[in-house]
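This report describes the fold, the surface and the cysteines of one protein model. The sequence and the structure are shown first.

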Amino acid sequence: MMKLWKANLARLFANGIFKIAFIGSAFVGVLCVLWERNYIFATKDGYEMAGMPVPDSIFGLDVHFLTFVNVIAVVAVAFCSFYVSTDYKNGTLRNKVVAGNTRMEIYLSNLAVNMAAACMMFTAYLVLALCMGLPLIGTFRQVAPVRIIAWILAVYTVIITFAAISTCITMLVSKQVIAIGISLCTVFVGLCVGQTFLSRLTDVDLYLEGRERMLELVLFLADFLPGSQLMEFRALKYSVGNLNPAIIVGGSAVFTVLLTVIGLIGFRKKELQ
């Protein structure tokens, strides 16, 4: 399996689409900072024009630097699906089986390289967002550094889950266009579900006496489901959701393991052409 992993990694670094996706992710980090800086000044001007005190909660990089992380998830899923489905298209997967590699080794090596690619894309986004954000927006003012680190690590686990989603779908669907389409649709559905949960959390009725259990359930699902997790990070400046890193990491681990098991079982039975 190590030989497969090294070969896949070498092919990844030589892949032109990966280079474009990596640079594009860094650009998204820059765009995030510029977008959020404009939001801060526009919000500040709005409060001042209304003669109201400007809330301190709009300042600080900590509530702004993860706003575009959902875009990185979409880019990562699109690339991971393209990368693996190319092996189907070229007949490389079948050749690997003929060469004596087990289907489990092939699946896990593809999963590992997809996870690595997705994490590298998020790292590119994160580095540029921090490098641009610190001078243009300011330092971390709202949240303790330990929690910032916990958030970043949690995002990595969510990105890994999305890599697992695209790997599972692409290893089971041999048609490249269909595999990419299903993967992207799955991501967008997840993000829409996440937005629904966040919208539910802004409903005043949810906070009425006697609805504590419903509120706890919505908060838990918002932290547990991959799409909801990303939308919570995107909405940091609105203070919506719970953002419990332990639940986020736990939910990501559950979905990653579950999808990997489903993918392995399905790929073992799949006929390769």
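## Structural report

Cysteine 185 is exposed, with a relative accessible area of 51%; exposed here means over 50%, buried under 20%, and partly exposed in between (1.4 Å probe, protein chains only). The model is predicted, with local features requiring pLDDT of at least 70 and side-chain atom pairs counted only at pLDDT 80 or more, while totals for chains, interfaces and linings use all residues. Residues are numbered from 1 along each chain as its sequence is written, and side-chain values use heavy atoms, with hydrogens and water left out.

Cysteine 192 is likewise exposed, at 52% relative accessibility. The structure contains zero disulfides, a disulfide being a pair of cysteine sulfur atoms within 2.5 Å. The reason lies in the distance: the cysteine sulfur closest to that of cysteine 185 belongs to cysteine 192 and is 10 Å away, too far for a bond.

The protein has ten helices and zero strands; both are DSSP runs numbered from the N terminus, with helices (H or I) of at least four residues and strands (E) of at least two. Its radius of gyration is 20 Å, close to the 19 Å that the globule rule gives for 273 residues, so the protein is as compact as a globular protein of that length. The radius is taken over C-alpha atoms, and the rule is 2.2 Å times the number of residues to the power 0.38. Along its principal axes, the C-alpha trace spans about 75 × 45 × 30 Å.

Of the 273 residues, 47% count as buried. Among contacts (heavy atoms within 4.5 Å) between residues at least 6 apart in sequence, 81% join residues at least 24 apart. One pair distant in sequence is glycine 24 and methionine 121, which are 97 residues apart along the chain and have C-alpha atoms separated by 8.5 Å.

Two residues located in helices are partly exposed, as listed below.

| Residue | Helix | Relative accessibility |
|---|---|---|
| Glycine 24 | α2 (residues 16-49) | 28% |
| Isoleucine 265 | α10 (residues 245-269) | 46% |

Isoleucine 265 also belongs to a nonpolar surface patch with Val257 and Val261, and together they have about 260 Å² of accessible area. Patch residues have over 30% relative accessible area and no salt bridge, with nonpolar side chains (Val, Leu, Ile, Met, Phe, Trp, Tyr) joined within 5 Å and like charges within 9 Å. A salt bridge is a side-chain nitrogen of Lys or Arg within 4 Å of a carboxyl oxygen of Asp or Glu. Accessible areas come from the Shrake-Rupley method with a 1.4 Å probe; for residues, only the protein chains shown count as cover.
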